[in-house]
Amino acid sequence: MKKNIAILMGGYSSEFEISIQSGNVVYNKLDRDQYIPYRIHITKDNWYYVDDTDQKHPIDKNDFSLTLDGTKIIFDAAFNTVHGTPGEDGLLQAYFDLIGIPQTACDFYQAALTFNKRDCISTLKPYGIPTATNYFLNQGDHIDSKTILDTVGLPCFVKANKAGSSYGVSKVKTEAELLPAIEIAYKEDDEIIIESFLSGTEVSVGVIQHNGKDVVLPITEIVTENEFFDYEAKYLGKSEEITPARLSEEDTKKVKDLALKVYQILKMKGFSRSEYIFHHGEPYFVEMNTNPGLSEASILPQQAHKAGINLQELFSNAIESCLTAKK
């Protein structure tokens, strides 16, 4: 019997449109012999099913059900493609956990932890995971530029602590640029992380659960035309993504082992994509995304393709993994 799958897309953040793209890819590629997919748009005002004529039908949030022509539809699983809040910060994960519907992303605690860059780094450091030197600020804190720059040096990065797709990120080269960069970051979040500059090859590493095992996908090297891998570089063609990355066998093994270690330390499930920079020959952890982009141009689908996993198989496996875990 075919399973009803709610494909969650949209969300409350700046990444709404990117999430819609990801969700539509899942909708188009999902195996219709096994699943009946429903596009569910998650917005601040309403959650609703969008049918093939673009009509909207409300979702009952009490039990996440849908009523069509007098028939109540219950979902067997939710495929979570919501980037940012509430799909990547643990809110949707906790909701589905409470009502007993399996979903494809990691659990709510892991989502909340990895979405908070500062907390994630603080959790990984005792395990010996190398990271940049960092300085934390909360909105309203006194800003002492000299102390900040004495700690992290120049150039440095100023980032919103909880934001995706490189929103609220600036590269700071002079002391005069620091305060404007902090203001930009505060537009996205009330917490900021300021990091020392890591110079070297940047790579993106996908780790997924596939056929019951934790699998590290082929590595992607990020070569950007811009100062760093920002929104333009990610989505507007201002970067080159090379899979597999042009790394030596030794460096490939180093970063694959590190990415797998991070995935397992954090007790991750489902898809993840973490970023590393080779600084003085060693891979340094930058951040982890637990709902990475799934559009045709996105990095994780490129990596899966190189590993011989097509999108239909990738998506079917994610659904079956979460259904099995719930039993």
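**Inside the predicted model: cores, loops and odd backbone spots**

Setting aside neighbours within four places in sequence, T104 is in contact with A78, F79, N80, G270, A318, I319 and C322. These contacts, like everything that follows, come from a predicted model. T104 itself sits in a loop, the one that runs between α2 (91-99) and α3. With a relative accessibility of 9%, T104 counts as buried, because the cut-off for that label is anything under 20%. One of its contacts can be pinned down further: the T104 side chain reaches the backbone nitrogen of N80 at 3.0 Å.

Helix α3 comes next. Its buried residues are Q110, A111, L113, T114 and F115. What lies over them? The cover includes α2, α4 and β17.

Now for the nonpolar interior. As a rule, in soluble globular proteins, nonpolar side chains tend to be buried together. In this model, the largest nonpolar core has 27 residues, and the ones with the most contacts inside it are V203, V205, Y276 and F285. At least two residues of this core come from each of α3 (108-115), α4 (117-124), β12 (202-210), α8 (249-265), β16 (272-279) and β17 (282-289). Which element gives the most to this core? That would be α8, with 6 residues. F285 is worth a look by itself: leaving out residues up to four places away in sequence, F285 touches C120, I121, L124, I129, P130, T131, V262, S274, E275 and Y276. There is also a second, separate core of 25 residues, and F271, L294, A304 and A318 are among its members. A318 has already turned up above, as one of the contacts of T104.

F285 also helps to place A132, a residue in the loop between α4 and β8 (134-138). How far apart in sequence and in space are A132 and F285? They are 153 residues apart along the chain, yet their C-alpha atoms are 7.8 Å apart in space. A132 is buried, at a relative accessible area of 5%, and that label follows because the value is under 20%. Not counting residues up to four places away in sequence, A132 touches K125, E195, S196, L198 and Y284.

Strand β8 contains N138. Is N138 buried, exposed or partly exposed? Its relative accessible area is 31%, so N138 counts as partly exposed. The side chain of N138 makes a polar contact with the side chain of R118, at 2.7 Å. Once neighbours within four places in sequence are left aside, the residues in contact with N138 are R118, Y186, D190 and E191. For another long hop along the chain, take N138 and D189: they are 51 residues apart in sequence, with 9.1 Å between their C-alpha atoms.

Two helices from distant parts of the numbering also meet. The axes of α1 (residues 16-29) and α10 (residues 311-326) come within 9 Å and cross at roughly 100 degrees. That crossing angle makes α1 roughly perpendicular to α10. On the α1 side the contact is made by V25, V26 and K29, and on the α10 side by L311, Q312 and F315. Sorted by type, the residues of this contact come out as 4 nonpolar, 1 polar and 1 charged. On the α1 side, the spacing of V26 and K29 can be read with a helix rule in mind. An α-helix has 3.6 residues a turn, so residues three or four places apart point the same way.

Finally, the backbone has a few oddities. Most residues other than glycine have a negative phi, and most peptide bonds are trans. Against that background, a cis peptide bond joins T85 and P86, with omega at about 5 degrees. P86 belongs to the loop between β7 (77-80) and α2. Another cis peptide bond joins L154 and P155, where omega is about -10 degrees. P155 is in the loop between α5 (145-152) and β9 (156-160).

The phi angles bring up two more residues. D54 is not a glycine, but its phi is positive, about 65 degrees. D54 lies in the loop between β3 (47-50) and β4 (56-60), and at 55% relative accessibility D54 counts as exposed. K267, also not a glycine, has a positive phi near 55 degrees. The place of K267 is the loop between α8 and β16, and at 63% relative accessibility K267 counts as exposed.

Conventions
Residues numbered from 1 in each chain as written. Predicted model: local features only at pLDDT ≥ 70, side-chain atom pairs only at ≥ 80, totals over all residues. Heavy atoms only, no water. Axes fitted to C-alpha atoms, helices over the stretch in contact; angles between N-to-C directions. Helix = DSSP H or I, 4+ residues; strand = E, 2+ residues; numbered from the N terminus. Parallel < 35°, antiparallel > 145°, perpendicular 65-115°, else oblique. Contact = heavy atoms within 4.5 Å. Nonpolar A, V, L, I, M, F, W, Y, C, P; charged D, E, K, R; others polar. Core = buried A, V, L, I, M, F, W, Y, C linked by side-chain atoms within 4.5 Å. Buried < 20%, exposed > 50% of the residue type's maximum accessible area, 1.4 Å probe, protein only. Polar contact = N/O pair within 3.5 Å; in protein donor to acceptor, adjacent residues only side chain to side chain.
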